[in-house]
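I opened this notebook to keep a record of what I looked up, starting with charged pairs and then turning to a helix and the cysteines.

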Amino acid sequence: VVHERYRFTCELEPSKSGNMSDDDYEDDFTMSQAYHAPMLTHPETSGVSMRTEVEGTVAEQASGRVVNDEIWGHIYFRSDMWDVIDTPEFQRLRELKQLGATYYVYPGATHNRFEHSLGVCHLGMEQALKFRAIQKELGLNTFDIKAIGYAGLCHDLGHGPFSHVFENEFLKRAYAQRAVSYRSHHEEHSVKIWHRLIDNNELDIEDAMIKRVSALIESGLDSSPLTGEKSFLGEIIANGRNSVDVDKIDYLKRDARNCNVSISCDLRRLIQHTKVIDNEICFRANNCNNLYQLFHDRGSMHDRVYTHKKGKAVEYMIVDALLAADRAKDYEYSNSITDMDEYLRLDDSLLRRIELERVDESDSHPEMKQAQEIIKRIRKRDLYRYIHEYIVPTRLMADYREVTAEDVVACQKADGSIPGGLRKTLW
């Protein structure tokens, strides 16, 4: 009956103004928690759920829309969150696969950063609401809840094509080849695009909110500007202290589901059994095994999915193709990080655009043809060969250098075969 009343109210008032009072906004958030997510309970609330606290507000404060997410079920977003979602800058995330080249190994890995960002927004607000419900002394208000929601939505706006490959591999090598200094974090790009999104779409968001969201997005970096009595809020989206945050919780569960890989950590329990102590998010001692399992599952996902040898081969080939095409296009792709207009034009369709580029046979610069040949090899599954892997001990990391093509060739036997191991010439 409650759900039917809610649905009927939404139909009556689909265009209800987003300019509501703070109390209305808080009621809407709590309604979302009560009716579109599992009930939140906590040992310190003596079994009283959030649903019990807000049951009288359902028909009064209906606004926004509901998304049926494959991981978290029916989740609710208010109209001002949809103002951000329904922009070209945010919709670009639909064209960025969450796992990039992993799709060539796990055909089910077609999920994108759009749905991941919705999940992070939902989980972030859920955790903030839980803190407000059980720890009144923290003084969390509507401003804080909205900031977490915006940061969850926008934390990945700055990603380039093919997941982390563009930032960590392509840009790094492109600038090294040109002997140009390079420093880039997708979080910094996310902040720039967040500002651009507001300006280009004329969103009515106050300056204080813009600055707070920017700080929350960058909270995982060493240079994070987030300080003060509520700095623990930065640990919800991007926890630079111990890396346990809702971003990781969502992507682990979403990646595992879409790759059909089993993980055993109870991720929902991790969110429920937390508390803020001394301005830090802490976990119950009897939940330590679940935390151990989280990192075990993360390591397992890296072994089986993120660093799969065939997936890495495709990534290396994509980087080589991008480097060749970048030279042919007068460094258009690598220079895009200094021009957000150009950067926002890049998505996972880039490989197809290079593949279809018209090449003049008489061209004296064969780089584009070289890039197309590499992409053709990917299409025909003629991938780079896997040689070996080696876990570099922490004590040797200071003197570690990158493996070069010369190192790989040096492993060949006289007959040209490769025994399957790199000589210890890397330190």
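Which residues are linked in a network of salt bridges? I looked this up before anything else, keeping in mind that the model is predicted, and found that Asp-69, Glu-115, Asp-250 and Arg-254 are linked in such a network.

**Entry: salt bridges**

I searched the whole structure for salt bridges and the search returned 23. I then went through some of the pairs one by one.

I looked at Glu-70 and found that it forms a salt bridge with Arg-257, with 3.6 Å between the closest N and O atoms. Glu-70 sits in the loop between strand E1 (65-69) and strand E2 (73-77), while Arg-257 belongs to helix H12 (residues 246-259), so this pair ties together parts that are 187 residues apart in sequence. I also checked the accessibility of both partners: Glu-70 counts as partly exposed, at 34% relative accessibility, whereas Arg-257 counts as exposed, at 52%.

I turned next to Arg-241, whose side chain meets that of Glu-235 in a salt bridge of 3.0 Å, N to O. Is Glu-235 buried or exposed? I found a relative accessible area of 11% for Glu-235, which makes this residue buried, the cut-off being under 20%. Its partner Arg-241 is partly exposed, with a relative accessible area of 40%.

I also noted the salt bridge in which the side chains of Arg-377 and Asp-382 meet, at 3.2 Å from N to O. Here I recorded Arg-377 as partly exposed at 31% relative accessibility, and Asp-382 as partly exposed too, with a relative accessible area of 41%.

**Entry: Lys-376**

I located Lys-376 in helix H18, which covers residues 367-379. Its relative accessible area is 46%, and I therefore list Lys-376 as partly exposed. I also looked up the separation of Lys-376 from Glu-355, and found that these residues are 21 apart in sequence and 8.0 Å apart in space, taken from C-alpha to C-alpha.

**Entry: helix H7**

I followed helix H7 from residue 142 to residue 154, a run of 13 residues. From its first C-alpha to its last, H7 reaches 18 Å, close to the 18 Å expected at 1.5 Å a residue. At the start of H7, I found that a side-chain oxygen of Asn-141 comes to within 3.2 Å of the backbone nitrogen of Phe-143.

How many of the 13 residues of H7 are buried? I noted eleven, and so describe the helix as mostly covered. The buried residues of H7 include Thr-142, Asp-144, Ile-145, Tyr-150, Leu-153 and Cys-154.

**Entry: cysteines**

I searched the whole structure for disulfides, and the search found zero. Cys-121 is in no disulfide, and the nearest cysteine sulfur, that of Cys-154, lies 8.7 Å away. Seen from the other side, Cys-154 is likewise in no disulfide, its nearest cysteine sulfur being that of Cys-121, 8.7 Å away. I kept the cut-off beside these entries: a disulfide needs cysteine sulfur atoms within 2.5 Å, so a separation of 8.7 Å does not qualify.

I closed the entry with accessibility, where Cys-121 is buried with a relative accessible area of 0%, and Cys-154 is buried with a relative accessible area of 0%.

How values were computed. Residues numbered from 1 in each chain as written. Predicted model: local features only at pLDDT ≥ 70, side-chain atom pairs only at ≥ 80, totals over all residues. Heavy atoms only, no water. Helix = DSSP H or I, 4+ residues; strand = E, 2+ residues; numbered from the N terminus. Expected span 1.5 Å × (residues − 1). Buried < 20%, exposed > 50% of the residue type's maximum accessible area, 1.4 Å probe, protein only. Polar contact = N/O pair within 3.5 Å; in protein donor to acceptor, adjacent residues only side chain to side chain. Salt bridge = Lys/Arg side-chain N within 4 Å of Asp/Glu carboxyl O.
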